[in-house]
Amino acid sequence: MRGVLAALAVAFVGCADLDEPSVAACASCHTVTAQRFARSAHAGAAESELFRALRAREGAQRQAFCDRCHAPSAHPSGGLSCATCHHATGNRETANGRLTWDFSRAPMGRSGEAPHGLRDPGFLRDAQLCGSCHEVEGGPGFDEPAFSEFVRSPAARAGLGCADCHADRDHGFVGREHPEAAARFAQSASVRVQFLDAETLEVTLTNESQAHTLPSGFRLAREVSVVVDLYDAAGRLRETLRDDAPGDDAMTLGERVEDARGARVLPAEGVRVRRAVLDPGASRRWRRRVTDPAVMRADARVEHLRQNAWLRAALGLAPLTEAPLVLAVHSAARPP
Ligand code: HEC
Ligand code: HEC
Ligand code: HEC
Ligand code: HEC
Ligand code: HEC
């Protein structure tokens, strides 16, 4: 037992970031902020079961790469810590988790009344802080250019930074766990469905986001689908139009990796990436033939899935229990 403890102590002392203040060190005074943070995607970034399953398939060097962003904190609890952002001093690159830190200096913040002193919050408000992690060049399946897409977006051109929309003085950072997330997500897409003639249905999906592609972030898992329910005159469901994977004409956006024969596979050497996303403000149109004469109405909805079913199944994970978020709905009657 003593041997194990000694080994643990050596492993811990060997860690270069031992002087990093723990979340607990800040939580003792910033109780409310720490409670909100604890529920956020950031606090749980090393604990997501999907992350663990994908990380486990990698060698030690690649795992260290994943950990730069998912477990940058030196503490065994993993995830991000308060210091990850508040003690950052800059970055060596706005990508790939290349932040720099100085834990001996005061945290960045605004109010002058802090017992610990505060540093100018310029970098805390800078989109580059977020972009250091929200821009991943990790090879097929792990290329996530969220920051560079943001830089070209209308929001960035209007002078907004990530913190203007996401921080709102709440450390949930308005991820999907946040109570307002559904409402905010709902503003990020619109859908329009219409019959061009008695047999041709046209569906148009528009990315209404000012800042992000649709979907954005970890697109290997995220999926946005247009689903159309076709009803008869008595309101009975006749058929549901739905595609289950991003493809050339599929009403599903996201990313899939394929082997040389075009079969959907997990990320590996030599795979091809097929990506279907919409830039801010852009639309995509699909046409489908409706031949069933009983169909009188088409109801379209846009679903956002956090982790697509194919990926979870391929990794041996149980299906997700959370329902997809519905971003937008629209209906059309069939012309006689
Ligand atoms: C001994 C109690 C105490 C500890 C421990 C503590 N703080 Fe503070 N902090 C305060 C007080 C008091 C203020 C000023 C009032 C306020 O804004 O909450 C403050 C202010 C701040 C602010 C500025 C708030 C603003 O409105 O801009 C930040 C940022 C901050 N602290 C971060 C941290 C971080 C990060 C840690 C851990 C490394 C930490 N604090 C640890 C007491 C503490
Ligand atoms: C992902 C980066 C990030 C992490 C992690 C983070 N913060 Fe912040 N924090 C920010 C940003 C951005 C702001 C907003 C700055 C502004 O608007 O001036 C902020 C603001 C604050 C403020 C002032 C406003 C408020 O919400 O009270 C305090 C206090 C604070 N943080 C403390 C903490 C503590 C304590 C932790 C850990 C429990 C933490 N932060 C973790 C980025 C972060
Ligand atoms: C104009 C406001 C705005 C700006 C600026 C902005 N975002 Fe967002 N972001 C949103 C909204 C709205 C959503 C959808 C709901 C949510 O999670 O808040 C979103 C979603 C996200 C998501 C989840 C994406 C998904 O599809 O699951 C991430 C990650 C994100 N933003 C990070 C960032 C980063 C990093 C920056 C800066 C480089 C940034 N955002 C700038 C408004 C903004
Ligand atoms: C140290 C790396 C790092 C920094 C810095 C960072 N993030 Fe993140 N962020 C992550 C990781 C990793 C995740 C994914 C966690 C998960 O889903 O398990 C994430 C998740 C998010 C989400 C939730 C997305 C969703 O789909 O629900 C939002 C929103 C977000 N970050 C915004 C920001 C903003 C805004 C900033 C800057 C204030 C920031 N992040 C700074 C690493 C970082
Ligand atoms: C440069 C920083 C960075 C690196 C390196 C990185 N990621 Fe991420 N990862 C992120 C960010 C930021 C998000 C959140 C994006 C979003 O919200 O869609 C994320 C999201 C994820 C998610 C989704 C989590 C969930 O619960 O839905 C998984 C899984 C994941 N990453 C796996 C990995 C693996 C495995 C590696 C290493 C091969 C890796 N990441 C390397 C930044 C990074």
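Is Thr-200 buried or exposed? The legends below take up this residue and several other places in a predicted model.

**Figure 1. Thr-200 and its surroundings in strand 6.** Thr-200 lies within strand 6. Its relative accessibility is 14%, and because buried means under 20% relative accessible area, Thr-200 counts as buried. The side chain of Thr-200 makes a polar contact of 2.9 Å with the side chain of Asp-197. Leaving aside neighbours within four places in sequence, Thr-200 is also in contact with Gln-194, Phe-195, Arg-287, Arg-288 and Arg-289.

**Figure 2. The whole chain and its two domains.** The chain is divided into domain 1, residues 19–166, and domain 2, residues 181–333. The centres of the two domains, taken over C-alpha atoms, are separated by 30 Å. Along its principal axes, the C-alpha trace of the chain spans about 75 × 45 × 35 Å. Twelve helices and 13 strands make up the list of its secondary structure elements. Of the 336 residues in the chain, 43% count as buried. Among contacts between residues at least 6 apart in sequence, 62% join residues at least 24 apart.

**Figure 3. The interface between domain 1 and domain 2.** On the side of domain 1, 20 residues are in contact with 24 residues of domain 2. The two domains bury about 1,800 Å² between them, and 60% of this area is on carbon and sulfur atoms. In domain 1, the residues that lose the most area to domain 2 are Leu-50, Pro-140 and Glu-149, which together account for 28% of what that side buries. Polar contact across the interface is found for seven residue pairs. Five elements of domain 1 each supply at least two residues to the side that touches domain 2: helix 4 (49–55), strand 4 (143–144), helix 8 (146–151), helix 9 (154–157) and helix 10 (162–166). Helix 4 gives the most to this side, with four residues. By type, the residues on this side of domain 1 divide into eleven nonpolar, four polar and five charged.

**Figure 4. Salt bridges across the domain interface.** Two salt bridges are found across the interface of domain 1 and domain 2. Elsewhere in the chain there are others, as the structure holds 22 salt bridges. Side chains of opposite charge can pair when their charged atoms come close. In the pair shown here, the side chains of Glu-49 and Arg-312 meet in a salt bridge, with 2.5 Å from N to O.

**Figure 5. Ala-221 in the loop between strand 6 and strand 7.** Ala-221 is found in the loop that runs between strand 6 (200–207) and strand 7 (223–232). What is the relative accessibility of Ala-221? The value is 0%, so Ala-221 counts as buried. Not counting residues up to four places away in sequence, Ala-221 touches Leu-50, Leu-305, Arg-306, Gln-307, Asn-308 and Leu-311. Ala-276 is 55 residues away from Ala-221 in sequence, and their C-alpha atoms are 13 Å apart in space.

**Figure 6. A network of salt bridges that includes Arg-274.** Asp-248, Arg-256, Glu-258, Arg-272 and Arg-274 are linked in a network of salt bridges. Within this network, Asp-248 pairs with Arg-274, the closest N and O atoms being 3.0 Å apart. This pair links distant parts of the chain: Asp-248 is in the loop between strand 8 (237–241) and strand 9 (252–258), while Arg-274 is in strand 10 (residues 272–276), and the two are 26 residues apart. Arg-274 also meets Glu-258 in a salt bridge of 2.9 Å, N to O. Here strand 10, which holds Arg-274, is linked to strand 9, which holds Glu-258, and the two residues are 16 apart in sequence. The members of these pairs fall into three classes of accessibility. Asp-248 counts as exposed because its relative accessibility is 66%. Arg-274 has a value of 28% and therefore counts as partly exposed. Glu-258 is buried, with a relative accessible area of 4%.

**Figure 7. The salt bridge between Glu-303 and Arg-301.** The side chains of Glu-303 and Arg-301 meet in a salt bridge, 2.9 Å from N to O. Which of the classes, buried or partly exposed, does Glu-303 belong to? Glu-303 is buried, with a relative accessible area of 9%. Arg-301 counts as partly exposed, at 22% relative accessibility.

Conventions:
Residues are numbered from 1 along each chain as its sequence is written. Chains are lettered from A and ligands numbered from 1 in the order in which they are written. This is a predicted model: local features need pLDDT of at least 70, side-chain atom pairs count only at pLDDT 80 or more; totals for chains, interfaces and linings use all residues. Side-chain values use heavy atoms; hydrogens and water are left out. Domain bounds come from an automatic or database domain assignment. Contact means heavy atoms within 4.5 Å. Buried area is the accessible area (1.4 Å probe) that two parts lose on being put together, summed over both. A salt bridge is a side-chain nitrogen of Lys or Arg within 4 Å of a carboxyl oxygen of Asp or Glu. A polar contact is a pair of N or O atoms within 3.5 Å; within protein, one must be able to donate a hydrogen and the other to accept it, and residues adjacent in sequence count only if both atoms are side-chain atoms. Ala, Val, Leu, Ile, Met, Phe, Trp, Tyr, Cys and Pro count as nonpolar, Asp, Glu, Lys and Arg as charged, and the others, Gly among them, as polar. Buried means under 20% relative accessible area, exposed over 50%, partly exposed in between (1.4 Å probe, protein chains only).
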